[in-house]
Amino acid sequence: MREKRIRVLIAKPGLDGHDRGAKVVARALRDAGMEVIYTGLHQTPEQVVEAALQEDVDVVGLSILSGAHMTLVPRVRELLRENQAGEIPVLVGGIIPEEDARELKEKGYADAIFTPGSSLEAIVACVRDLAGSK
Amino acid sequence: MRQLVQELLQGNRRALARLISLVENDDKRKAEVLPELYRHTGKAYVIGITGSPGSGKSSLVDRLLESVRRDELTAGVIAVDPSSPFTGGAILGDRIRMQEHALDPGVFIRSMGTRGNLGGLSRATREAIQIFDAFGMDLVMVETVGVGQSEVDIVKYADTTVVVLTPAGGDSVQTIKAGIMEIGDIFVVNKADYPGTERTVAELNAMLDMKGAEDWRAPVLPTVAVRGEGVDRLWEAVLRHRELLESSGRLQAVRRERARQELADQLEHLVKSWIWEKIRARVPYEEMVEKIMARSMDPYSGAYRLLEEIDFPLPQ
Ligand SMILES: Nc1nc2c(ncn2[C@@H]2O[C@H](COP(=O)(O)OP(=O)(O)OP(=O)(O)O)[C@@H](O)[C@H]2O)c(=O)[nH]1
Ligand SMILES: [Mg+2]
């Protein structure tokens, strides 16, 4: 019998070319039994959201190292809402200063934020949590 | 569910995504949906793309979509990747190479894990094809995991099957698994920018010539997917094959066989689920297993005994 599986989009919006971190997280999520849709580098927010909709994911994970998180994350959330998918939780990983993280969360753009050094266990648990709350 | 079906038929992409999830999860509610959808199917043309891992299937699909869109056709893509047999998890990475049409409203790409169906093209894939079909896509392209049973399974659902190979390098084409030569309607030698392409094409042609005369001789086409080279010819070959199937009446024959198969599969599926439900509810199955282990019972008589206990009307 097949069963419901958590589906997660791991996307790298923006211009930075480092996806090692994103891949490590993708593998950890796979090893936790999830299906990870990995879309590669240099995605526009439009591409991220379209992929999230087509793949009907439970959680969107954004890896952002370029420093452009204050424009990219709100844009992704806005586009999700425009597509009647505002309820999909967004998790952000990357180099995000504390005050930016607070703002992104307070304004409802991001549901969770992880900075470098976060444990994979914590990220996996958080994704599972977010997927359950959808 | 009714509403979701209505939305799908009206072209709502969110409903399309949701319905595919429904069949992927083998959700019970799909039993309300699929019968409803079926009469809207049968219009889409299904193209299967198979071949060994990394041979360039996704890159080719991406380029083929260009030709498809140029001809003003719409397409659904199902990209299947293997799930881990241990955790059931998967990394579905085919989209990485399918970015050209990421925002094209005439294209819809869906990644699927094989989940329980190790190697096999699962029931969910077949049902997803039907959903795309009912949605109104002109074409459905299915990229399968290029190993094992799925390579052969794809023929059951695809009208045209494209087998993607790469230049064999030092190896001879003779080492290609026999089954593969049987299923291809079109052979592609991708990565034709690598040495050995001409030899591989020639060897494939020689092998295909040995198959003897048929109304369709599978062409062997070199491509360089990353540069789009040879893709126009591939698309032309697909169209020619389709034309032949349609004009010769073979498409009808193929689809009749598919209908027969679907009915048989569904019948077996229903009977099997019914039996297991009854047995789980009424019979101490594990006790029987222990008896067989102890050799005080054998599995042959055991099966009969179980069916008797659930009042299955076995012929005498
Ligand atoms: N040199 C060369 N590389 C190619 C060509 N086509 C694809 N590739 C590369 O081959 C690799 C695999 O391509 P994919 O399109 O992902 O292959 P695939 O068959 O879909 O792979 P799986 O889905 O993982 O089985 C990528 O790095 C492509 O860029 C080609 O014609 N020439
Ligand atoms: Mg692929």
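In the predicted model, helix α8 of chain B (residues 197-209) comprises 13 residues, for which a rise of 1.5 Å a residue gives a span of 18 Å; the C-alpha atoms at its ends are 18 Å apart, in agreement with that expectation. The buried positions of α8(B) are T197(B), T200(B), V201(B), E203(B), L204(B), M207(B) and L208(B). Viewed down the axis of α8(B), these buried residues fall within an arc of 165° and therefore line one face of the helix. Such a pattern can be related to helix geometry: an α-helix has 3.6 residues a turn, so residues three or four places apart point the same way. The face of α8(B) turned away from the buried side carries the exposed residues E198(B) and D209(B).

Helix α10 of chain B (residues 250-282) was examined in the same manner. This helix contains 33 residues, and the distance from its first C-alpha to its last is 48 Å, close to the 48 Å expected at 1.5 Å a residue. Buried residues in α10(B) are L251(B), R258(B), E262(B), I275(B) and I279(B).

The magnesium ion (ligand 2) is coordinated through the OG atom of S58(B), an OD atom of D94(B) and an OE atom of E143(B), at 2.0 to 2.2 Å. Along the sequence, these donor residues follow the spacing S-x35-D-x48-E. Distant parts of the chain are linked by the pair D94(B) and E143(B), which are 49 residues apart: D94(B) belongs to the loop between β3 (90-92) and β4 (107-113) of chain B, whereas E143(B) lies in strand β5 (residues 139-143) of chain B. With a relative accessible area of 8%, D94(B) is buried, because the cut-off for burial is under 20%. E143(B) likewise counts as buried, at 4% relative accessibility.

Ligand 1 is surrounded by 17 residues, of which the closest are K57(B), S58(B), S59(B), D94(B) and D193(B). S58(B) and D94(B) thus appear both in this group and among the donors to the magnesium ion (ligand 2). Helix α4 of chain B (residues 57-70) gives the most to the shell around ligand 1, contributing three residues. Several polar atoms of the protein approach the ligand. An oxygen atom of ligand 1 lies 2.8 Å from a backbone N or O atom of S58(B), and an oxygen atom of ligand 1 is 2.5 Å from a side-chain N or O atom of S59(B). In addition, a nitrogen atom of ligand 1 is 3.0 Å from an N or O atom in the side chain of N190(B). On its own, ligand 1 has 650 Å² of accessible area, of which the protein covers 77%.

Definitions and conventions: Residues numbered from 1 in each chain as written. Chains lettered and ligands numbered in written order. Predicted model: local features only at pLDDT ≥ 70, side-chain atom pairs only at ≥ 80, totals over all residues. Heavy atoms only, no water. Donors = N, O, S within 2.8 Å, 3.2 Å for Na, K, Ca; no water. Helix = DSSP H or I, 4+ residues; strand = E, 2+ residues; numbered from the N terminus. Buried < 20%, exposed > 50% of the residue type's maximum accessible area, 1.4 Å probe, protein only. Expected span 1.5 Å × (residues − 1). Arc of directions from axis to C-beta. Near = heavy atom within 4 Å. Polar contact = N/O pair within 3.5 Å; in protein donor to acceptor, adjacent residues only side chain to side chain. Areas by Shrake-Rupley, 256 points an atom, 1.4 Å probe, with all protein chains shown as cover.
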